[in-house]
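Below is a short briefing on one structure. Look at the sequence and the 3D view first, then read the points grouped by topic.

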Amino acid sequence: MNEQILMTNDLTKKYMKHTSVDGINLRIERGQIYGFLGPNGAGKTTTIRMLLGLIKPTQGTIKIFGQSLKKNRLQILQRIGSLVESPTYYGNLTGRENLEAVRRLRDLPEKRVNEVLEIVRLTKVANRLTKEYSLGMKQRLGIAVAMLSNPDLLILDEPTNGLDPSGIQEIRELIKELPKAGMSVLVSSHMLSEIDQMATQVGIINNGKMIFQDSIERLRQKRKPLLKVGVSDGMKANEILKERKLKANLQGDFLWLSQTEPAFVSEINSILVHAGVSVYRLEEVTKTLEDIFLELTGTEGSL
Amino acid sequence: MKKILQADQLKLKRSSLLIIVLLVPLLILAYELVNFTYRAEFVEKQAEMFGAGSMWMFLLYDNSLLFGLGCPLAVTLAASVIANIEHQANGWKQTLSMPISRGKIYLSKFIWLTISLFLSTTIFLIGMVLLGKLLGFEGNIPLVLLMGDCYGMLITVLPMMAFQFWLSMTIKNQAFSILIGSISAIMGLFLAAAQTTRWFPLAYPIQSSTVILQYEGIGYNPDFSAYLVINLILGIILIFIGSRHFAKRNVQ
């Protein structure tokens, strides 16, 4: 089961002096949905372009399906379906013709065109020119193209861009179904909530560097709740707890403790009150994934 | 390769390529039609003065300049339309991440450029025959000369095709390649005028005719075969260099 399907070693891309991807080691195993997360301009798309052989890495190696991308590019691409950034569409062709062009290029059976049209729910508008499509429809067309060859590895760069909530939901459900057929998926996004809902594995990239790579559960564990205690005299309360070998973290007027079991909470309360410190707040605080993400990336505000 | 050609054929559907293919030969033929009807007297006098063997010869001589200017322009525009289909579709990243060698993708589109220009020159050929018949030119139809002018042109513009195609394929902004192509076509006109510079390949399309005006009058062009050989070789070299560069490029 633990077959490494994609592996990069020290993958680096430099443009002049600017390093946009810096020594990334991606690891994707068969059947995983790998969420590739990072703020805009972090190097996600550059990394994906390198994985597809569209641009050459400055340094480092890429191995996909156990083969070197540099040496066996065409054999590897045969088994990959991809959607990179803004969707590709030939506006002078209908949706069906767009798929047909790709079908001819890849020499696939004709019935696949109707199958993927059905999957992304474009059958109704298949005979309309794609220049009349909405952004969401174009995005679906892009996903259809990526899935046309029934690939072993699907690489989707921001696949839910421009989709409405119900479209996002649909695509998410679709992606979640894929590993059942033995497919592996690499999906990039700048939205954590999206990755959180479909990925099994997460890689977070910021400023070209990989700052976290593990299962989604591990990321969630970072979300363990904390106990926030509001007291009249923080310094004193901290001293009292220290004497009792309880580790607390004083931040402003609040003490932060890492346990939240009811018994523990009441014990803390009792200790502090008996020592003459008045307690006015006992609160369980859960960090959101957004907080963790911001903590990891060190960026505030918009991503 | 057949599959790639078929895919590219589909991508050209409803594009403006057909208009360009038709436009240049039809415009020149329309000009000749007007020339040979409204200015018939003057044309006949001129034909006599130049010692043209027949009106067919004069027609060939008369339109060689226009076609020599028009064909490079048709090349420029057709190359731009073919390449722009991918640029406009944001298609390079998709097409080049298919399991197909980049050289073949480049070549397939170049073949379509050749096919469209072949159509263009064939229309011109048929048009000239019809024009001559319509105006009742005397003598047999000099089919070999007519074909030489049409398909010979296809070979003499080959380097220009290779260069313009490469330019359009690699630079997204098509205004740039169209500007370069138009200037090249006009430069050819000037280069062809002087004895030494007329041996620049750029000047060949203007001179690429089976007949030419010499001191003795309109006669067969002695340099024609040299033009064909030089530009065929140069064209193939440029296609090769262009496709090699294209295959190594980073795709943004």
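B:Asp8 and B:Lys109 are both buried. They form a salt bridge, with their closest N and O atoms 2.7 Å apart. The model is a predicted one, and over all its chains it holds 23 salt bridges.

**Salt bridges in chain B**

- B:Asp8 lies in helix 1 (residues 2-11) of chain B and B:Lys109 in helix 6 (residues 102-134), so this salt bridge ties together parts that are 101 residues apart in sequence.
- A salt bridge also joins B:Lys11 to B:Glu86, where the closest N and O atoms are 2.8 Å apart.
- Because B:Lys11 lies in helix 1 of chain B and B:Glu86 in helix 4 (residues 55-89), that pair ties together parts 75 residues apart in sequence.
- B:Lys11 and B:Glu86 are both buried.
- B:Asp8, B:Lys11, B:Glu86 and B:Lys109 belong to one network, joined by salt bridges that share partners.

**A salt bridge in chain A**

- In chain A, A:Glu85 forms a salt bridge with A:Arg49, and the closest N and O atoms of the two are 3.2 Å apart.
- The pair links distant parts of the chain, 36 residues apart: A:Glu85 is in the loop between strand 7 (80-83) and helix 3 (95-106), and A:Arg49 is in helix 1 (residues 44-51) of chain A.
- A:Glu85 has a relative accessible area of 35%, so it counts as partly exposed.
- A:Arg49 has a relative accessible area of 6%, so it counts as buried.

**Cysteines**

- A disulfide is a covalent bond between the sulfur atoms of two cysteines.
- How many disulfides are there over all chains? The count comes to zero.
- Why does B:Cys71 have no such bond? The closest cysteine sulfur, in B:Cys150, is 9.2 Å from the sulfur of B:Cys71, and that is too far for a bond.
- Seen from the other side, B:Cys150 is in no disulfide, and its nearest cysteine sulfur is that of B:Cys71, 9.2 Å away.
- B:Cys71 is buried, because its relative accessible area is 3%.
- B:Cys150 is buried as well, because its relative accessible area is 0%.

**A nonpolar patch on chain B**

- B:Val229, B:Ile233, B:Ile237, B:Phe240 and B:Ile241 make a nonpolar surface patch of about 480 Å².
- One of these residues, B:Ile241, lies in helix 11 (residues 224-248) of chain B.
- Is B:Ile241 buried or partly exposed? Its relative accessibility is 48%, so B:Ile241 counts as partly exposed.

**A:Thr12**

- A:Thr12 belongs to strand 1 (residues 4-15) of chain A.
- With 4% relative accessibility, A:Thr12 counts as buried.
- A polar atom of the A:Thr12 side chain lies 3.1 Å from the backbone nitrogen of A:Gly23.
- Apart from neighbours within four places in sequence, the contacts of A:Thr12 are A:Thr19, A:Val21, A:Asp22, A:Gly23, A:Met50, A:Pro57, A:Thr58 and A:Gln59.

**A:Thr130**

- A:Thr130 sits in the loop between helix 4 (111-119) and helix 5 (135-147) of chain A.
- Is A:Thr130 buried or exposed? At 0% relative accessibility, A:Thr130 counts as buried.
- Residues up to four places away in sequence aside, A:Thr130 touches A:Tyr89, A:Tyr90, A:Gly91, A:Leu93, A:Thr94, A:Gly95, A:Asn98, A:Lys138 and A:Leu141.
- From C-alpha to C-alpha, A:Thr130 and A:Met7 are 36 Å apart in space, and they are 123 residues apart in sequence.

**A:Val229**

- A:Val229 is part of strand 12 (residues 226-231) of chain A.
- Its relative accessible area is 1%, so A:Val229 is buried.
- Which residues is A:Val229 in contact with, leaving aside its neighbours within four places in sequence? They are A:Asp253, A:Phe254, A:Leu255, A:Leu257, A:Leu272, A:Val279, A:Arg281 and A:Leu282.
- A:Val229 and A:Tyr89 are 57 Å apart in space, C-alpha to C-alpha, and 140 residues apart in sequence.

Key
Residues numbered from 1 in each chain as written. Chains lettered and ligands numbered in written order. Predicted model: local features only at pLDDT ≥ 70, side-chain atom pairs only at ≥ 80, totals over all residues. Heavy atoms only, no water. Patch = residues over 30% accessible without salt bridge, like charges linked within 9 Å, V, L, I, M, F, W, Y side chains within 5 Å. Areas by Shrake-Rupley, 256 points an atom, 1.4 Å probe, with all protein chains shown as cover. Salt bridge = Lys/Arg side-chain N within 4 Å of Asp/Glu carboxyl O. Helix = DSSP H or I, 4+ residues; strand = E, 2+ residues; numbered from the N terminus. Buried < 20%, exposed > 50% of the residue type's maximum accessible area, 1.4 Å probe, protein only. Polar contact = N/O pair within 3.5 Å; in protein donor to acceptor, adjacent residues only side chain to side chain. Contact = heavy atoms within 4.5 Å. Disulfide = S-S within 2.5 Å.
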